[in-house]
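Work through the exercises below with the sequence and the model side by side. Try each task before reading its solution.

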Amino acid sequence: MKIDGRHYRTIWLDEDGATVRVIDQTKLPFRFETCALASLEAAARAISDMVVRGAPLIGVTGAYGLALAARLDASDAALRRAHATLLATRPTAINLKWALDRVLAKLLSAPVGDRADLAFTEAGVLADEDAACCEAIGENGLKLIEEAASKKGGRVNILTHCNAGWLATVDWGTAIAPIYKAARAGVDVHVWVDETRPRNQGASLTAFELGAENIPHTVIVDNAGGHLMQHGEVDLCIVGSDRTTRRGDVCNKIGTYLKALAAHDNGVPFYVALPASTLDWRLRDGVKEIPIEERSGDEVSFTNGLTESGEVARVRVTPPGSAAKNFGFDVTPARYVSALVTERGVCAASEAGLRKLFPEEAQL
Ligand code: MRU
């Protein structure tokens with residue numbers, strides 16, 4: 001997608017073909033900076049410190065991390081160690097494991113001398129595939145927005161949580177891809193952007209993305225969605241996912257579940273957009289089985305912002321001494337999800353629905 005009229009992906013190889021470069025998302029929306037990832041350790045740090053974040057982008061960064069490791073030592077033991085290091089960075093988004101397993105399997109079956117080049121090629125393939133999947137999600141979700149527009153006969157108000165736009169993927173995004181497609185198709189859309197405490201991915205990233213594409217949007221505090229839904233101000237909700245079980249339970253940024261409950265109570269469709277790399281076919285009950293990341297309480301106790309003099313500052317928002325607990329994600333049971341929007345089409349959030357779209361995976 002575009003920043004100041006220039007097309008960017010979130011991760012790419014510089015012209016030297018050897019430097020992995022990413023957008024530093026910890027600096028947005030106040031500064032647009034990129035940074036080079038020169039080693040396995042740098043890739044792992046970028047994921048755990050959320051320089052890059054969003055399930056699909058974490059996966060592709062992991063793949064490049066393995067490639068950076070292979071450049072130094074492509075032995076089986078070194079690659080397995082690199083896989084373990086990268087996998088330990090963030091526990092919830094399954095895309096990371098999916099990407100690491102896929103690249104590692106490919107490398108282990110190749111001669112040691114070919115592995116580094118092969119790893120970079122494979123990471124590039126993953127990146128291209130992710131962009132293509134997300135664009136297809138956009139096309140499939142567009143139909144839902146068009147339906148809502150023709151049913152309503154006016155502006156479609158869409159609520160989203162966290163950042164599931166192009167910054168969370170390689171390009172296009174998951175939940176926001178249909179919104180980009182709708183805007184380009186001339187559908188009148190307006191987006192309610194949940195700020196998404198504690199790290200404000202909505203206020204900082206989703207609002208930044210939508211602004212860069214001139215899409216009308218309004219940032220709201222996390223607790224406003226239910227009120228808006230009660231007053232007919234939300235036509236549909238669409239969010240992303242970090243892991244979805246074979247039964248269609250959806251794990252996403254903390255607070256998603258409460259939006260789904262409010263949507264259910266108010267008869268507002270609640271859609272979840274995800275690529276197949278987010279499906280965890282091994283799991284059934286998301287509430288019981290999906291590991292929920294807990295991050296430092298400091299992310300709750302402090303927040304970043306721009307001072308009136310234009311400096312980016314970190315300020316405390318809680319009394320010193322108050323404990324803070326920071327759950328990264330929650331699980332929305334499938335019964336509250338109106339439909340899943342994938343690269344292969346739209347389906348019911350159920351094992352039968354997913355099986356129809358992904359018959360080969362469902363054998364597992
Ligand atoms: O903690 P983050 O910023 O990595 O969380 C991101 C989300 O929860 C997104 O909604 C999710 O990755 C799905 S969208 C690509």
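A residue counts as buried when its relative accessible area is under 20%, as exposed when it is over 50%, and as partly exposed in between. The model is predicted.

**Exercise 1. Classify K181 and E135, then describe the salt bridge they form.**

Step 1. Take K181. Its relative accessible area is 10%, so K181 is buried.

Step 2. Take E135. Its relative accessibility is 31%, so E135 counts as partly exposed.

Step 3. Look at the pair. The side chains of K181 and E135 meet in a salt bridge, 2.7 Å from N to O.

Step 4. Place the partners. K181 sits in helix α6 and E135 in helix α5, so the bridge ties together parts that are 46 residues apart in sequence.

**Exercise 2. Describe how helix α5 packs against helix α6.**

Step 1. Get the geometry. The axes of α5 (residues 115–152) and α6 (residues 177–184) come within 7 Å and cross at roughly 65 degrees. The crossing of α5 past α6 is right-handed.

Step 2. List the contacts. From α5 come C134, E135, I137, G138, E139, G141, L142 and I145. From α6 come A177, P178, I179, K181 and A182.

Step 3. Sort them. The contact of α5 with α6 divides into 8 nonpolar, 2 polar and 3 charged residues.

**Exercise 3. Is α6 largely enclosed or not, and what covers its buried residues?**

Step 1. Count. Of the 8 residues of α6, 6 are buried, so the helix is largely enclosed by the rest of the structure.

Step 2. Name them. The buried residues are A177, P178, I179, Y180, K181 and A182.

Step 3. Find the cover. It includes α5, β6 (156–160), β7 (189–194), α7 (201–212) and β9.

Step 4. Check what follows the helix. Just after α6, G186 takes a positive phi of about 90 degrees.

**Exercise 4. Compare the placement of two further salt bridges, K97 with D101 and D235 with K152.**

Step 1. Start with K97 and D101. Their closest N and O atoms are 2.5 Å apart. Both residues lie in helix α4, 4 residues apart, about one turn of the helix.

Step 2. Check exposure. K97 has 27% relative accessibility, so it counts as partly exposed. D101, with a relative accessible area of 30%, is also partly exposed.

Step 3. Turn to D235 and K152. Here the closest N and O atoms are 2.9 Å apart. D235 is in the loop between α8 (225–230) and β9 (236–239), K152 is in helix α5, and the pair links distant parts of the chain, 83 residues apart.

Step 4. Check K152. Its relative accessible area is 41%, so K152 is partly exposed.

Step 5. Set the pairs in context. The structure holds 26 salt bridges. R90, R199, E293, R295 and E299 are linked in a network of them.

**Exercise 5. Which residues touch the most other members of the largest nonpolar core, and which elements supply the core?**

Step 1. Recall the general trend. In soluble globular proteins, nonpolar side chains tend to be buried together.

Step 2. Find the best-connected members. This core has 41 residues, of which I11, V20, L37, V60, Y64, L66 and L86 touch the most other members.

Step 3. Trace the elements. Those giving two or more residues are β4 (20–23), α1 (40–48), α2 (55–72), α3 (76–87), α4 (94–108) and α5. The largest share, 11 residues, comes from α2.

Step 4. Inspect L66. Leaving out residues up to four places away in sequence, L66 touches L79, A82, H83, L86, L100, V103 and L104.

Step 5. Look for another core. A second, separate core of 38 residues includes I3, L205, L210 and A339.

**Exercise 6. Are L96 and T10 buried or exposed, and what does each one touch?**

Step 1. Locate L96. It is found in helix α4. Its relative accessible area is 1%, so L96 is buried.

Step 2. List the neighbors of L96. Apart from residues up to four places away in sequence, L96 touches I47, I58, G59, G62, L86, L87, T89 and R90.

Step 3. Locate T10. It lies in the loop between β2 (6–7) and β3 (11–13). Its relative accessible area is 0%, so T10 is buried.

Step 4. List the neighbors of T10. With the same sequence neighbors left out, T10 touches R21, V22, I23, Q25, L57, W166, L167, T169 and V170.

Terms used. Residues are numbered from 1 along each chain as its sequence is written. This is a predicted model: local features need pLDDT of at least 70, side-chain atom pairs count only at pLDDT 80 or more; totals for chains, interfaces and linings use all residues. Side-chain values use heavy atoms; hydrogens and water are left out. Axes are lines fitted to C-alpha atoms, for helices over the stretch in contact, and angles run from 0 to 180 degrees between N-to-C directions. A crossing is left-handed if the near helix is turned anticlockwise from the far one by less than a right angle, and right-handed if clockwise. Contact means heavy atoms within 4.5 Å. Ala, Val, Leu, Ile, Met, Phe, Trp, Tyr, Cys and Pro count as nonpolar, Asp, Glu, Lys and Arg as charged, and the others, Gly among them, as polar. A nonpolar core is a set of buried Ala, Val, Leu, Ile, Met, Phe, Trp, Tyr and Cys residues joined through side-chain atoms within 4.5 Å. Buried means under 20% relative accessible area, exposed over 50%, partly exposed in between (1.4 Å probe, protein chains only). A salt bridge is a side-chain nitrogen of Lys or Arg within 4 Å of a carboxyl oxygen of Asp or Glu.
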